[in-house]
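Visitor: I should like to discuss the structure shown here. Please begin with the term on which the later answers depend.

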Amino acid sequence: MSVFLGNPQVLPVRGVPTQGPLTDRFGRTATDLRISLTDKCNLRCTYCMPAEGMQWLPRESLLTVPEIVRLAAIAVSDFGVREIRLTGGEPLIRPDLEELVAALTERMPGIPVSMTSNGIGLAGRAQALADGGMTRVNISLDTLCADTYEKLARRGRLTQALEGVAAAQDAGMSPVKLNAVLMRGVNDHEAPALLRWALDHDCALRFIEQMPLDADHGWTRKNMVTASEIRESLSRDFDITQDTAPRAGAPAEKYLVRERGQDTVVGTVGIIASVTEPFCEDCTRTRITAEGHVRSCLFSHHETDLMHLLRSNATDRDIAQRWRDAMWVKPRAHGMDHAGLDSGDYVQPDRSMSAIGG
């Protein structure tokens, strides 16, 4: 198996299954496929990308629509994958996104196809995406303040993001999920207001702890807003209780939301606590980067190239086995043999979140 960490190196792989689900050495099964469509984005969020200086992948190195469909079909037919999520960068950067969604749903009817997006430009494309078969969208919304949005995203496009949320709802992609990253001293006071807005607009809000995957490598444990702090902030305006329904590998811990002193549940809120309350032992995800590499763990330093197989005479069986090889050696947690994004031996990957694909 060719494994890439900068330059290719060959690692021994033993005991890899040759059929059945996509499993690893720790008994985890990947049923959720995340495919990045591009490393480019039309925002420059401080927790993800630098203000300038990004080196983009050449266009010819990106997966094409037929290549993405082929990989997805292998994942569904050979591994039993049950959901496909399109990520980036920003997926809406791809002008052929509608074509891709329609091709995926035609090839694999019944498999949910969703997208993680910043919502910029979605207002004009949501209906076509829904008509093509897109079932759901996750939209980043870190703040309701235009000035704060511009500070975080380095672009003044809050209105466009909100228009994207409304368009997705109008197109029937429900529930629309909102992803919010709280930054200390910037928007950390907005947690209750964001939840109130989400409840009022029938959206499902998820707070995400800032992870050490920023391109500037400026993350510190001291400065990040923790899940505990988020719960405390929300509890000043709402009563929140942990949902007892099975999490089933979902990254977000879900909480039931009630108005203070009331019995009626008015909605839910999720918290993805990758740093302080890791859930690596239940991970169900397999990731393909925009240039066709398997990334077994979001925080891994290794990638396995499938692109050269796609663009050669390799069979689907060849590709599936290389994919199995890559996932079999998935690290136990956080790219290491233990969980600990705030531990002394954690080394941040060279690639930022936008280049990896969420």
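Guide: A residue is called buried when its relative accessible area is under 20%. The model under discussion is predicted.

Visitor: Is C283 buried or exposed?

Guide: The limit for a buried residue is under 20% relative accessible area. C283 has a relative accessible area of 13%, so C283 is buried.

Visitor: What share of the 358 residues of the chain counts as buried?

Guide: The same limit, under 20% relative accessible area, applies here. Among the 358 residues of the chain, the buried share is 55%.

Visitor: Why does C283 form no bond with the closest cysteine sulfur?

Guide: A disulfide is a covalent bond between the sulfur atoms of two cysteines. A pair counts as a disulfide when the sulfur atoms are within 2.5 Å. The closest cysteine sulfur to that of C283 is in C297, and it is too far for a bond, at 7.0 Å.

Visitor: Which cysteine holds the sulfur closest to that of C45?

Guide: C45 is itself buried, at 13% relative accessibility. Its sulfur lies 6.3 Å from the closest cysteine sulfur, too far for a bond; that sulfur is in C41.

Visitor: How many disulfides does the structure hold?

Guide: The criterion is a pair of cysteine sulfur atoms within 2.5 Å. By this criterion, the number of disulfides in the structure is zero.

Visitor: What is the radius of gyration of the chain?

Guide: The secondary structure of the chain consists of ten helices and 16 strands. For 358 residues the globule rule gives 21 Å, and the chain comes close to this, so it is as compact as a globular protein of that length; its radius of gyration is 20 Å.

Note on methods. Residues are numbered from 1 along each chain as its sequence is written. This is a predicted model: local features need pLDDT of at least 70, side-chain atom pairs count only at pLDDT 80 or more; totals for chains, interfaces and linings use all residues. Side-chain values use heavy atoms; hydrogens and water are left out. Helices (H or I, at least four residues) and strands (E, at least two) are DSSP runs, numbered from the N terminus. The radius of gyration is taken over C-alpha atoms; the globule rule is 2.2 Å times the number of residues to the power 0.38. Buried means under 20% relative accessible area, exposed over 50%, partly exposed in between (1.4 Å probe, protein chains only).
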